[in-house]
Amino acid sequence: MKLYVCYGTFTAFGHKHPCTEAHKALVEAGYNPTVERVYGWGVLPMWMNPKRKAVLKLTGDSYTVPALEGDNGELLGKNTREIIDWARANPATTA
């Protein structure tokens, strides 16, 4: 599982950043996603955000993050709300 984020999964000055909220929901659901930092700002042109091409390829229509990719390459969520909802509906199973 890979979670694409902008700069990281931190909280600054109490601000709830969308990437952080998505990561938090996954961890609370029992997942330990690989965090892929793609940097940049979502409204900048693609040539200024070359690392976000992977996100565009995954989602097919957006290069904004967060975006969540499953182990087999499928798109599990392409915004914070979708990722949080997916994590709550699909908690990790423990053996």
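Is Asp85 buried, partly exposed or exposed? With a relative accessibility of 39%, Asp85 counts as partly exposed. Keep in mind that you're looking at a predicted model, so everything here is computed from that model.

Let's stay with Asp85 for a moment, since its side chain meets that of Arg81 in a salt bridge, at 2.9 Å from N to O. Both residues sit in helix α3, four residues apart, or about one turn of the helix. Arg81 is partly exposed too, at 46% relative accessible area. Arg81 also turns up at the start of α3, where a side-chain oxygen of Asn79 comes to within 3.1 Å of the backbone nitrogen of Arg81.

Now look around the rest of that helix. Thr80, Ile83, Ile84, Trp86 and Ala87 are the buried residues to find in α3. Why do they belong together? They span an arc of only 165 degrees around the axis, so they lie on the same side of α3. Swing round to the other side of α3 and you'll meet Arg88 and Ala89, which are exposed. As for what covers the buried residues, the list includes β1, α1, β3 and β4.

That takes us inside. The largest nonpolar core has 22 residues, and the members touching the most other members are Met1, Leu3, Tyr4, Leu26, Val65, Leu68 and Trp86. At least two residues of this core come from each of β1 (2-5), α1 (18-28), α2 (53-59), β3 (67-69) and α3 (80-89). Leu68 makes a handy place to stand and look around. Setting aside neighbours within four places in sequence, Leu68 contacts Met1, Lys2, Leu3, Leu26 and Leu58, along with Glu74, Leu75, Leu76, Gly77, Ile83 and Trp86.

Next, the cysteines. How many disulfides does a search of the whole structure find? The number is zero. Cys6 and Cys19 might catch your eye, but the closest cysteine sulfur to that of Cys6 is the one in Cys19, 3.8 Å away, which is too far for a bond. Looking from the other end, Cys19 is in no disulfide, and its nearest cysteine sulfur is that of Cys6. Both side chains are tucked away: Cys6 is buried at 10% relative accessible area, and Cys19 is buried at 1%.

A buried residue can also sit in a loop. Asn49 is found in the loop between β2 (34-37) and α2, and with a relative accessibility of 2% it counts as buried. What is Asn49 in contact with, leaving aside its neighbours within four places in sequence? Its partners are Tyr39, Gly40, Trp41, Gly42, Leu44 and Tyr63.

Finally, back to charges. The count of salt bridges comes to two. Besides the pair within α3, the side chains of Lys78 and Asp61 meet in a salt bridge, at 2.8 Å from N to O. This pair links distant parts of the chain, 17 residues apart: Lys78 is in the loop between β4 (75-77) and α3, while Asp61 is in the loop between α2 and β3. Lys78 is partly exposed, with 27% relative accessible area, whereas Asp61 is exposed at 52%. The cut-off for exposed is over 50%, so Asp61, at 52%, falls in that class.

Terms used:
Residues are numbered from 1 along each chain as its sequence is written. This is a predicted model: local features need pLDDT of at least 70, side-chain atom pairs count only at pLDDT 80 or more; totals for chains, interfaces and linings use all residues. Side-chain values use heavy atoms; hydrogens and water are left out. A nonpolar core is a set of buried Ala, Val, Leu, Ile, Met, Phe, Trp, Tyr and Cys residues joined through side-chain atoms within 4.5 Å. Buried means under 20% relative accessible area, exposed over 50%, partly exposed in between (1.4 Å probe, protein chains only). Contact means heavy atoms within 4.5 Å. A disulfide is a pair of cysteine sulfur atoms within 2.5 Å. A salt bridge is a side-chain nitrogen of Lys or Arg within 4 Å of a carboxyl oxygen of Asp or Glu. The arc is that of the directions from the helix axis to the C-beta atoms. A polar contact is a pair of N or O atoms within 3.5 Å; within protein, one must be able to donate a hydrogen and the other to accept it, and residues adjacent in sequence count only if both atoms are side-chain atoms.
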